[in-house]
Amino acid sequence: MTENTAAVAGAERERYVDAVRKGLSEVLNKDVAEAAEGVRLFDELGLDSSSALELLITIEEILDVQFDAEELEMTHFETVGSLADFVAAEAGA
């Protein structure tokens with residue numbers, strides 16, 4: 001991977017992390033724009049099962065993508081970063 005390719009991949013990943021943060025801010029009605037990727041969604045941010053579904057719908061709208069609900073696992077919702085990884089994989093990044 002060249003330095004330029006790595007920069008593009010990093011920028012693309014940041015796009016998904018930002019979408020997760022933006023979605024969380026909207027769903028939780030609090031600013032989490034600076035939340036680190038290791039922040040735990042349920043334990044630290046107060047996400048629950050109903051807000052998790054709302055979060056996915058919000059992220060779909062932000063990125064104009066559709067997620068396969070059958071691919072969802074609780075491990076995807078552990079942290080900001082793990083959800084961003086799932087979103088990136090589903091969006092075909």
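Buried here means under 20% relative accessible area. The structure shown is a predicted model.

**Close-up 1. Phe-67 and Phe-86 are both buried.** A search of the whole structure finds one aromatic pair. The ring centres of Phe-67 and Phe-86 lie 5.6 Å apart, and the planes stand at 45°, so the pair is tilted. This contact links distant parts of the chain. Phe-67 sits in the loop between α2 (49-63) and α3 (80-91), whereas Phe-86 belongs to helix α3. In sequence, 19 residues separate Phe-67 from Phe-86.

**Close-up 2. A salt bridge joins the side chains of Asp-85 and Arg-13.** The N to O distance is 2.7 Å. Asp-85 is in helix α3 and Arg-13 is in helix α1, so the bridge ties together parts that are 72 residues apart in sequence. Asp-85 is partly exposed, at 42% relative accessibility. Arg-13 is also partly exposed, with a value of 29%. The whole structure holds six salt bridges by the search.

**Close-up 3. Arg-21 forms salt bridges with Glu-14 and with Asp-18.** From Arg-21 to Glu-14 the N to O distance is 3.3 Å. From Arg-21 to Asp-18 it is 3.5 Å. Arg-21 and Asp-18 both belong to helix α1, three residues apart, about one turn of the helix. Arg-21 has a relative accessibility of 13%, so this residue counts as buried. Its two partners are less covered by class: Glu-14 is partly exposed at 33%, and Asp-18 is partly exposed at 39%. A network of salt bridges with shared partners joins Arg-13, Glu-37 and Asp-85.

**Close-up 4. Glu-34 lies in the loop between α1 (3-28) and α2.** Its relative accessibility is 75%, so Glu-34 counts as exposed. Glu-34 and Arg-21 are 13 residues apart in sequence. In space, their C-alpha atoms are 7.7 Å apart.

**Close-up 5. Four acidic residues gather in a patch of negative charge on the surface.** The members are Asp-68, Glu-70, Glu-71 and Glu-73. Glu-71 lies in the loop between α2 and α3. With a relative accessible area of 41%, Glu-71 is partly exposed.

Methods:
Residues are numbered from 1 along each chain as its sequence is written. This is a predicted model: local features need pLDDT of at least 70, side-chain atom pairs count only at pLDDT 80 or more; totals for chains, interfaces and linings use all residues. Side-chain values use heavy atoms; hydrogens and water are left out. Rings of Phe, Tyr and Trp (its six-membered ring) pair if their centres lie within 6.5 Å; planes under 30 degrees apart count as stacked, over 60 as edge-to-face and the rest as tilted. Helices (H or I, at least four residues) and strands (E, at least two) are DSSP runs, numbered from the N terminus. Buried means under 20% relative accessible area, exposed over 50%, partly exposed in between (1.4 Å probe, protein chains only). Patches are made of residues with over 30% relative accessible area and no salt bridge: like charges are joined within 9 Å, nonpolar side chains (Val, Leu, Ile, Met, Phe, Trp, Tyr) within 5 Å. Accessible areas come from the Shrake-Rupley method with a 1.4 Å probe; for residues, only the protein chains shown count as cover. Lys and Arg count as positive and Asp and Glu as negative; His and the chain ends are not counted. The place of a charge is taken as NZ of Lys, CZ of Arg, CG of Asp or CD of Glu.
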